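This report looks at how helices and strands are arranged in one protein chain. Please keep the sequence and the structure in view while reading.

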Amino acid sequence: MVLKLRKRVKPKDIVQLLLNHRSLTLPKIAELLDANVGSIDYHLKRLEEKGFVKVKRKSYGSKYYVPDELISLSWKTVWEFAFSFIGLFLSVYLLLGGFNPFYLALAVSTGVSFLSSLYRLGVEKSMKKRQLLEKVSLF
């Protein structure tokens with residue numbers, strides 16, 4: 001009989017996995033991390049106490065997830081993105097109506113604004129995730 005050693009799991013590993021998946025059950029987390037269910041359960045309870053993880057209890061099992069408020073984007077960033085998208089749409093619409101150097105310049109500038117706000121959305125989301133993982137690593 002060969003005993004298989006399971007790797008040691010850290011709370012950060014569990015949170016990283018939950019950030020990559022919307023929600024997971026305890027057995028699925030243990031399977032994906034190739035870890036003991038008991039150690040995953042222990043870490044999940046600690047993470048839940050600290051507010052890093054929440055649980056939805058169902059009759060068929062509990063699903064664990066990272067609360068949206070820990071990684072949600074600021075309204076300012078979302079509004080900037082929305083307005084730049086509307087500006088891009090309107091300028092392209094005007095440009096399609098007929099060639100005009102003013103409309104071309106407007107389309108280019110709003111396109112750059114749109115891409116920059118899209119980039120900021122991604123950067124802010126990844127920074128929030130990184131900050132969350134750093135907090136988890138400290139406890």
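## Two helices and a sheet

In this predicted model, helix α1, which covers residues 11-20, and helix α3, which covers residues 37-50, have axes that come within 10 Å and cross at roughly 80 degrees. Because angles of 65 to 115 degrees count as roughly perpendicular, α1 is described as roughly perpendicular to α3. On the side of α1 the contact is made by Pro11, Ile14, Val15 and Leu18, while α3 contributes Ile40, His43, Leu44 and Leu47. What is the chemical character of the residues in the contact of α1 with α3? They divide into seven nonpolar residues and one polar residue, with no charged residue among them.

We turn now to the strands. Three of them form an open sheet in the order β1-β3-β2, and the pairing is antiparallel. The edge strands are β1, at residues 24-25, and β2, at residues 54-58, each of which pairs on one side only. Strand β3, made up of residues 61-65, is joined to β1 by two bridges, and the two strands run antiparallel. The pairing of β2 with β3 is also in the antiparallel sense and extends over five bridges. How many residues lie between β2 and β3 in the hairpin that they form? There are two residues between these strands.

The table below lists residues that face one another across the sheet.

| Residue | Partner in β3 |
|---|---|
| Thr25 | Lys63 |
| Val55 | Tyr64 |
| Lys58 | Gly61 |

Reading the table along the strands, one can locate Thr25 opposite Lys63 of β3, and Val55 opposite Tyr64 of β3, whereas Lys58 has Gly61 of β3 as its bridge partner.

Technical notes
Residues are numbered from 1 along each chain as its sequence is written. This is a predicted model: local features need pLDDT of at least 70, side-chain atom pairs count only at pLDDT 80 or more; totals for chains, interfaces and linings use all residues. Side-chain values use heavy atoms; hydrogens and water are left out. Two strands pair if DSSP finds at least two bridges between them. Helices (H or I, at least four residues) and strands (E, at least two) are DSSP runs, numbered from the N terminus. Axes are lines fitted to C-alpha atoms, for helices over the stretch in contact, and angles run from 0 to 180 degrees between N-to-C directions. Angles under 35 degrees count as roughly parallel, over 145 as roughly antiparallel, 65 to 115 as roughly perpendicular and the rest as oblique. Contact means heavy atoms within 4.5 Å. Ala, Val, Leu, Ile, Met, Phe, Trp, Tyr, Cys and Pro count as nonpolar, Asp, Glu, Lys and Arg as charged, and the others, Gly among them, as polar.
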